[in-house]
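The following exercises are to be worked with the sequence and the model in view. Each task is followed by a solution in steps.

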Amino acid sequence: MSAFIAVVEHGGFAPAARRMGVATSSVTRQVNALEEHLGSLLVNRSTRNITLTDAGTRYLEDARRILGELEEADRGVSEAEGPLSGVLRVSLPIAFARLHIAPAIPDFLRKYPDVELMLLTTDSMVNLVEERIDVAIRLAALESSALIAKKLAPHRRVLCASPSYLEKHGIPDNPQALTAHNCLTFDYETGSPVWTFKRGSETETIRVRGSLKATSSEVLREVALGGTGIILMPTWLVGPDVTAGRLVEVLADWEANPVQGQGSISAVYLPNRRGAKKVRAFVEHLSGAFGAPPYWECG
């Protein structure tokens, strides 16, 4: 099963063999033996690539689940018999990892010296099964799924700009006033970005424009600090700037992007990792490091 999964995940017998540290012929024999045992072809072979048969597609999901349960059983026994040890694979958003996860790692490793962390930093939504991820940190609202979620902190976005920008261009006193301002936005927003604001029973939807779009929240923050425009950013990124006066929150009585922008910063993991002591220890460590309310919160 492990050989079969490796062949699928790495796109061929030779890449799978390199990843497993064995000969290609060994991987080929194992997959051939599995197909013979099942009486069904799982993988279509060609000189260029491999593809799954219908039977292989069905079997892949079950194989991953079964091996995951076996690994969990092994971990459960080893963790119960001694101190936390072994590899813990974690998926993290890039900017949040740099600002708030990395500073918390040294204390965690000092507390659990036999744990080996493997951190995958990406802003993509990784598949925990395919990437063999033990726990992932997700920002904002979570889509309904079979994953277990543990809330670590609130996720709140605020509208803000530098004092110099507001002194030159004025402070917007209502959402509609943003149409006259330079709003710095994310590049992935197609067309003119739309920001939504809610106050009590009132809802305002504003199509904003500006001189800069970027794919990095940290770039947008730096440009806003330079006095160029208004940004809508999470407090984990701009909260310390607002507290220090480098940025000024505007329209504070309005909730920004109440559906898509708010939610929680959460640790998510597969149901078979629910009882894993390493996962629980890592999640509890982050929750304690962030505090309640989190140390970056403003206002």
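Helices, taken as DSSP runs of H or I with at least four residues, are numbered from the N terminus. The model is a predicted one.

**Exercise 1.** Determine which residues of α1 are buried and what backbone feature occurs just after α1.

*Solution.* Step 1: apply the cut-off, by which a residue is buried when its relative accessible area is under 20%. Step 2: in α1, this selects Ala3, Phe4, Ile5, Ala6 and Val7. Step 3: proceed past the end of the helix, where glycine 11 has a positive phi of about 80°.

**Exercise 2.** Characterise the second largest pocket by its volume and its lining.

*Solution.* Step 1: the space in the second largest pocket amounts to about 850 Å³. Step 2: its lining comprises 28 residues, and those nearest the centre are Arg64, Gly68, Glu71, Val129 and Arg132. Step 3: assign the lining to elements; α1 (2-10), α2 (13-20), α4 (54-80) and β3 (86-92) each provide at least two residues, and α4 contributes the most, with 8 residues. Step 4: sort the lining by class, which yields 13 charged, 10 nonpolar and 5 polar residues.

**Exercise 3.** For arginine 132 and leucine 251, establish the sign of phi, the location and the degree of burial.

*Solution.* Step 1: arginine 132 is a residue other than glycine with a positive phi, near 55°. Step 2: arginine 132 is located in the loop between β4 (115-121) and β5 (135-138). Step 3: its relative accessible area is 39%, so arginine 132 is partly exposed. Step 4: leucine 251, also not a glycine, has a positive phi near 50°. Step 5: leucine 251 lies in the loop between β13 (248-250) and β14 (255-256). Step 6: leucine 251 is buried, because its relative accessible area is 9%.

**Exercise 4.** Locate proline 293 and state the geometry of the peptide bond that leads to it from alanine 292.

*Solution.* Step 1: proline 293 belongs to the segment after α10 (277-290). Step 2: the bond from alanine 292 to proline 293 has omega near 0° and is cis.

**Exercise 5.** Is the chain more spread out than a compact globule, or less?

*Solution.* Step 1: count the elements, which are 10 helices and 15 strands. Step 2: the radius of gyration is 24 Å, whereas the globule rule gives 19 Å for 299 residues; the chain is therefore more spread out than a compact globule. Step 3: the C-alpha trace spans about 75 × 45 × 35 Å along its principal axes. Step 4: of the 299 residues, 44% count as buried.

Methods: Residues numbered from 1 in each chain as written. Predicted model: local features only at pLDDT ≥ 70, side-chain atom pairs only at ≥ 80, totals over all residues. Heavy atoms only, no water. 1 Å grid on protein atoms, 1.4 Å probe; cavity = no way out; pocket = protein on both sides within 12 Å on 5 of 7 lines; lining within 4 Å. Points joined across faces, edges and corners; volume = space filled by probe spheres on them. Nonpolar A, V, L, I, M, F, W, Y, C, P; charged D, E, K, R; others polar. Rg over C-alpha atoms; globule rule 2.2 N^0.38 Å. Buried < 20%, exposed > 50% of the residue type's maximum accessible area, 1.4 Å probe, protein only.
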